[in-house]
Amino acid sequence: MPETNYRPRRAVLFVPAANEKALAKLPSLACDAVIFDLEDSVAPDAKAAARERLRAWFQARPKGGPECIIRVNPLASEWGTEDLLAARACAPDAILLPKVDTPRDIHDFDDALDEADAPENLKLWIMVETPKAMLNIGALAEFGRNRAARLDCFVAGPNDLIKDTGVLATPDRRYIVPWLLQMVLAARAGGLDVLDGVSNTFSDLDAFALECAEGAAMGFDGKTLIHPAQIGPALKAFSPSAGAVAEALAIRAAFALPENAAKGVISIDGRMVERLHLAQAERLLARAGRH
Ligand code: COA
Ligand code: MG
């Protein structure tokens, strides 16, 4: 995607589709995107009512609001087909498919969307949250290079990964960081966006800010959230800092000088700066809205 089309996904809030009060709160929240959840946060008995709530919400969807994504249940589950049809009818920006294990899961879902006459611009996001998905991560990311496929974004699912593997959940996430980095690497290989997983503790915002900073340092595009109080820290951590913007502007200005027009490498303040750093700087400036 050209950087001028950059769409921020710094703060991406999960909202249980069954929770009317939380849905009503959305217009007052400044997140970049909302994931309406029909899966794990909705009890089996509440699935049908949650779908109806979503239909009503999307019918009255305000224009120009955040990007809207619906997380459905897996296609093979007892709710999968009805979720897919309800989500398609809502016309969200993307559908988020959980519990993806293999490339076949993406093929099958893409086919089901085509059969449901889903528009071409409806994107597919997937949860990376199972041991099999981790083992297949390179093959999953390949879909990002296939123009006919809808895949656009990976979402890390630490709660399921911890449950399925048995690693210890620690505040510094030391046992899952290798997998998180693997997701970022694969996403970049496939030209996909990649979002860090949720933090279940929403009362300690200092710890949360630290986790956001780590996610940004690992290269994630943003973080998935479970509570409105987490939006502010995520926006801050995943926006370029004033220092980083100033540095990028300096690189742009240096390469714009006539004497540097033909040079591949220059020095700024005792540091080697190559054209790849200019490209990196331009990407950062696009993210900061400074085209
Ligand atoms: N989206 C929108 N609004 C939310 C919200 C969310 N994810 N979580 C809480 N709110 C709202 C509440 O409705 C409440 O609104 P009010 O000011 O009108 O009363 C306000 O924010 C404060 O909420 P609070 O009382 O602190 O939390 P809670 O006890 O109502 O809810 C959770 C706590 C964890 C149950 C709730 O945040 C939640 O369901 N989060 C999402 C879970 C989810 O989607 N999981 C699946 C992905 S991992
Ligand atoms: Mg999950």
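In this predicted model, the protein chain is divided into domain 1, covering residues 3-237, and domain 2, covering residues 242-287. Taken over C-alpha atoms, the centres of domain 1 and domain 2 are separated by 34 Å.

**The magnesium site**

The magnesium ion (ligand 2) has two protein donors, E129 through OE and D160 through OD, which lie 2.0 to 2.1 Å from the ion. E129 belongs to the loop between β5 (123-128) and α5 (131-135), whereas D160 belongs to helix α7, so the pair ties together parts that are 31 residues apart in sequence.

Are these donors buried or exposed? A residue counts as buried when its relative accessible area is under 20%. E129 has a relative accessibility of 1% and therefore counts as buried. D160, at 11% relative accessibility, also counts as buried.

| Donor residue | Relative accessibility | Class |
|---|---|---|
| E129 | 1% relative accessibility | buried |
| D160 | 11% relative accessibility | buried |

**The second largest pocket**

The second largest pocket has a volume of about 460 Å³. It is lined by 22 residues, of which T170, P171, R173, S199 and E211 are the closest to its centre. Two elements, α7 (158-165) and α9 (205-218), each give two or more residues to the lining of this pocket. Which element supplies the largest share of the lining? That element is α9, with 5 residues.

The lining of the second largest pocket may also be described by residue class: 11 residues are nonpolar, 5 are polar and 6 are charged.

Notes
Residues are numbered from 1 along each chain as its sequence is written. Chains are lettered from A and ligands numbered from 1 in the order in which they are written. This is a predicted model: local features need pLDDT of at least 70, side-chain atom pairs count only at pLDDT 80 or more; totals for chains, interfaces and linings use all residues. Side-chain values use heavy atoms; hydrogens and water are left out. On a 1 Å grid over the protein atoms alone, a cavity is a set of points where a 1.4 Å probe fits but cannot get out, and a pocket is an open set with protein on both sides within 12 Å along at least five of seven lines; lining residues have an atom within 4 Å of a point. Grid points are joined across faces, edges and corners, and a volume is the space filled by probe spheres set on the points. Helices (H or I, at least four residues) and strands (E, at least two) are DSSP runs, numbered from the N terminus. Ala, Val, Leu, Ile, Met, Phe, Trp, Tyr, Cys and Pro count as nonpolar, Asp, Glu, Lys and Arg as charged, and the others, Gly among them, as polar. Donors are N, O and S atoms within 2.8 Å of the metal (3.2 Å for Na, K and Ca); water is not among the atoms, so sites may look incomplete. Buried means under 20% relative accessible area, exposed over 50%, partly exposed in between (1.4 Å probe, protein chains only). Domain bounds come from an automatic or database domain assignment.
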